[in-house]
Amino acid sequence: MLDQFLDQCTYVSGVYDQDSGFQALEKELQRVEAETKTVDRLYYMALPPSVFIPVANGLKKNCYTTRGVNRLIVEKPFGMDLESSRTLSKALGALYREDEIYRIDHYLGKEMVKNIMILRFTNQIFGSCWDKEHISNVQITFKEKIGTEGRGGYFDEFGIMRDVMQNHLFQILSLIAMEAPATLSAEDIRNAKVDVLRKIPPVVESEVLLGQYGKSEDGSLPSYLDDDTVPKGSKTATFAAAAFHIHHPRWEGVPFVLKCGKALDQQKVEIRIQFKDLGNNLFQKDVAARNELVIRVQPEEAVYLKMTQKLPGLGMETVMSELDLSYHSRFPNMSVPDAYENLILDAIMGEQSNFVRSDELDEAWRIFTPVLHKIDRGLVPVEIYPYGSRGPKHLPEFVSRFGFERHSQA
Ligand code: BG6
């Protein structure tokens, strides 16, 4: 199968800002199209942002077909802040229509991220308690065990907030927080996501915690600054936590805390919806801890609900246990497709629901830009945490400020 695929691949080289390479590509495309009787074209731009526009321009000028559709997949980063993202969108928008542009955020292709809408809108049990009356806070966490390890050049310019939070985690937030879309069309889904983003004021510096990894406790693992690809003395954050507030009747007073970091103790991405304390006097908090719905995006996809039940035996003691839907035990013979597999197929099919629309991007940058500018100017302190730890020392205090209570087994 792989050989069959590779047999159909050809390589055409060229220079980003010269027509000759694009003309050679056009010639090759015409040859392939005549041979395979195909007409549609999908271009995938995994390129440094500085050459996005020259390449999009070269493709438009030399390789835009009038016989079928043209689609352009664009990889992040989509700018550095609101202004640069708008400049990019404007330049791209002058060349291609919005329905031709596929801004990829590979988190939207992950199985469990695609599952969020289904969980919320097909299960009465969740739909009816998805609000401020029932939910205390929402935590969205991204943890990587590895550091930058040679990718410091790219990373240092962006930092963890731009690299992971403003895009991947924010897409998850909008799916968790949005109202039900009017229909399942790409436009309605993206309208619902933008609507909720519009209700979020910019994140403030006092609600941000930053960190950079130092050497591991035993000194065996290197600090961020030990990475040769990282500029000396860099203050770039490799860990960030931030709180977001949604001024919508459903969510008023429910903080959404997003956390992401490299060189931590675990490798995992999860969404933790923490419900409120019980409103009755029969059982006290120490015997009936808060419910939590956990959606584990990776590794080992799972959805589980932490709940209290009776400890088997003669007494009336309680125990926190889990209603557990682990994918590998529930669907042992099914493989979960890779995020890119999902998204590239969507792009081939012309399905845009899981691609980022320009207004979504604009809203996300509006929310992040003021604090990012302060961070860029070194105005937000960055705490050093050991490689392989849980993150900055002040993290537990930070999350508890926003109502999070850690279960003993969490
Ligand atoms: C990328 C970031 O977008 O996502 C990386 O640039 C990060 O820094 C990666 O490691 C995480 O993706 P995944 O699919 O491995 O969770």
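## A tour from strand E4 to the ligand

Start by selecting Lys143, which stands opposite Lys268 in E8. Before moving on, note that this is a predicted model, in which local features need pLDDT of at least 70 and side-chain atom pairs count only at pLDDT 80 or more, while totals for chains, interfaces and linings use all residues. Residues are numbered from 1 along each chain as its sequence is written, and side-chain values use heavy atoms, with hydrogens and water left out.

**Stop 1: the strands**

Select residues 135-143, strand E4 (strands are DSSP runs of at least two residues and helices are H or I runs of at least four, numbered from the N terminus). Of its 9 residues, 9 are buried, that is, under 20% relative accessible area with a 1.4 Å probe and protein chains only; exposed is over 50%, and partly exposed lies in between. Add residues 268-275: E8 pairs with E4 in the antiparallel sense over 8 bridges (pairing takes at least two DSSP bridges). Now add residues 256-261, strand E7, which runs parallel to E4 and is joined to it by 6 bridges. Look for Gln139, whose bridge partner in E7 is Val257.

**Stop 2: the nonpolar core**

Next, show Met161, Met165, Phe170, Phe244, Phe256 and Ile271, the residues with the most contacts inside the largest nonpolar core, which has 101 residues. Such a core is a set of buried Ala, Val, Leu, Ile, Met, Phe, Trp, Tyr and Cys residues joined through side-chain atoms within 4.5 Å. Helix H7, residues 152-177, gives the most to this core, with 12 residues. Centre on Phe170: leaving aside neighbours within four places in sequence, its contacts (heavy atoms within 4.5 Å) include Leu197, Ile200, Phe244 and Phe368.

**Stop 3: the ligand**

Select the ligand and the residues with a heavy atom within 4 Å of it; among them are Lys76, His106, Tyr107, Phe142, Asp163, His168 and Gln298. A polar side-chain atom of Glu144 lies 2.5 Å from a ligand oxygen atom. For an N or O atom in the side chain of Lys76, the distance to an oxygen atom of the ligand is 3.0 Å, and for Arg151 it is 3.1 Å.

**Stop 4: Lys262**

Finish in the loop between E7 and E8, where Lys262 is found. Is Lys262 buried or exposed? Lys262 counts as buried because its relative accessibility is 5%. Its side chain makes a polar contact of 2.7 Å with that of Glu144 (a pair of N or O atoms within 3.5 Å; within protein, one must be able to donate a hydrogen and the other to accept it, and residues adjacent in sequence count only if both atoms are side-chain atoms).
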